[in-house]
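Student: I am new to this structure and would like to go through it slowly, one question at a time. Could we begin by looking at it together?

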Amino acid sequence: MPPAVPPGAWRAVSSAPASTPSGRRSAARIDFAGSPRPTLGVEWEFALIDAETRDLSNEGASVIADLGENPHVHKELLRNTVEIVTGVCDTVDEAMADLRSTLRDVRGIVHDRGMELFCAGTHPFAEWSAQKLTDAPRYAELIKRTQWWGRQMLIWGVHVHVGVSSAHKVMPIISSLLNQYPHLLALSASSPFWAGADTGYASNRSMMFQQLPTAGLPFQFETWRQFERFVYDQKKTGTIDHINEIRWDVRPSPHLGTVEVRVFDGVSNLRELSALVALTHCLIVDLDRRLDAGEQLPVMPPWHVQENKWRAARYGLDAIIILDADSNERLVTEDLDDLLTRLQPVAESLHCADELAAVAEIPRRGASYQRQHRVAEENGGDLRAVVDSLVHELDI
């Protein structure tokens with residue numbers, strides 16, 4: 001779900017669009033803070049699980065109240081969720097240490113209240129109708145507008161921010177990063193079950209979330225000015241009130257000076273999380289450096305990008321993905337091997353070579369959706385056992 005951002009944190013420099021010489025009003029300029037170095041930030045959403053029933057518990061507000069003032073723990077749309085966030089970090093190792101520290105504090109309170117922390121894209125058997133909304137105006141407005149689909153958002157994910165130096169790089173990076181969308185989704189896919197049923201998808205979460213009116217794949221704008229005009233149109237037509245209501249799978253975060261990657265399903269453990277954060281860091285820094293070198297970044301037609309998202313959501317690591325504008329195809333895991341080799345020098349420069357190498361362990365061990373299926377089969381279809389296995393993985 002969208003991160004907890006104070007009202008007004010997302011801002012246009014001018015409060016109203018300026019008039020052009022022809023009398024038409026042009027889009028307001030959006031200030032992109034810019035990051036002098038490729039910093040990292042991670043947002044990790046957790047569900048609260050009743051230790052007895054393994055069902056969801058709507059006690060998020062109580063957990064946050066017990067923690068007191070903690071800027072690293074946020075409420076979310078549903079009361080069954082808490083989000084743990086890092087500060088501004090320089091390396092994957094620093095980001096993981098930040099998360100681990102906060103996680104210890106949160107887990108202590110959660111355990112004292114007879115609950116466990118759980119992270120996957122969806123809960124295997126919980127019913128959306130039993131969940132309570134967090135009391136906040138922006139959440140109330142979201143549900144008022146989206147109705148049934150908004151109430152269905154019983155999903156969890158991971159968001160990764162990477163600092164980018166200037167606005168003119170942002171849209172080329174986002175558009176080119178979409179070529180690796182299926183790799184990121186297939187590796188993190190962890191939502192095969194929904195309300196007790198096997199959906200047949202590796203990532204049902206990604207299909208659910210895109211039903212919201214401003215969610216899903218980003219438009220492939222070439223320039224920051226095009227993005228500014230889009231935001232102006234969205235505000236003028238009442239589609240959004242604030243820029244953070246643009247809930248794309250990859251989006252700019254202007255006030256932070258980052259590109260925010262929101263592709264991932266919920267990740268159950270720190271080792272896989274560190275690997276996926278490292279891959280994201282390397283991908284964006286690589287694209288940033290290629291821009292600095294004067295390279296025109298590769299992009300694919302939107303119809304190929306959309307098809308790749310569906311294939312990764314449906315088939316996970318068994319997806320055959322489209323590689324380029326010429327419609328060449330390849331098994332996603334085969335392409336991943338070459339991608340990791342190409343990114344190794346970037347990882348070394350960012351001090352995350354070990355974490356990047358750990359990405360290759362995910363297909364060998366089985367992605368979360370595959371592990372969940374295996375546990376269900378070994379336990380006669382008992383989805384409580386799947387919940388237990390995901391809770392246990394947080395200790396790995």
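Tutor: Before we turn to helices, keep one definition in mind: the expected span of a helix is 1.5 Å times one less than its number of residues. Please remember as well that this is a predicted model.

Student: What distance does helix H9 reach from its first C-alpha to its last?

Tutor: Helix H9 runs over residues 302-315 and has 14 residues. At 1.5 Å a residue, a span of 20 Å is expected. The helix comes close to that expectation, and from its first C-alpha to its last it reaches 20 Å.

Student: Which residue just after H9 takes a positive phi?

Tutor: The place to look is just after the helix, where a positive phi of about 60 degrees is found, and the residue that takes it is Gly316.
The helix before it, H9, covers residues 302-315.

Student: Which residues of H9 are buried, and what covers them?

Tutor: A residue counts as buried when its relative accessible area is under 20%. In H9 the residues that are buried are His304, Val305, Asn308, Lys309, Arg311, Ala312 and Ala313. Their cover includes helix H5 (181-188) and helix H6 (204-209), together with strand E8 (215-216), strand E12 (320-322) and strand E13 (329-331).

Student: How many salt bridges does a search of the whole structure find?

Tutor: To be counted, a side-chain nitrogen of Lys or Arg has to lie within 4 Å of a carboxyl oxygen of Asp or Glu. With that rule applied to the whole structure, the number of salt bridges found is 25.

Student: How many residues apart in sequence are the parts that Asp292 and Lys169 tie together?

Tutor: Asp292 and Lys169 form a salt bridge whose closest N and O atoms are 2.8 Å apart. Because Asp292 lies in helix H8 (residues 270-292) and Lys169 in helix H4 (residues 167-177), the pair ties together parts whose separation in sequence is 123 residues.

Student: Is Lys169 buried or exposed?

Tutor: Its partner Asp292 has a relative accessible area of 55% and is exposed. Lys169, by contrast, has a relative accessible area of 5%, so Lys169 is buried.

Student: With which residue does Glu272 meet in a salt bridge at 3.4 Å?

Tutor: Glu272 belongs to helix H8, and its partner, 93 residues apart from it, sits in helix H12 (residues 361-365). Glu272 is buried at 7% relative accessible area, whereas the partner, Arg365, is partly exposed at 34%. The residue whose side chain meets that of Glu272, 3.4 Å from N to O, is Arg365.

Technical notes. Residues numbered from 1 in each chain as written. Predicted model: local features only at pLDDT ≥ 70, side-chain atom pairs only at ≥ 80, totals over all residues. Heavy atoms only, no water. Helix = DSSP H or I, 4+ residues; strand = E, 2+ residues; numbered from the N terminus. Buried < 20%, exposed > 50% of the residue type's maximum accessible area, 1.4 Å probe, protein only. Contact = heavy atoms within 4.5 Å.
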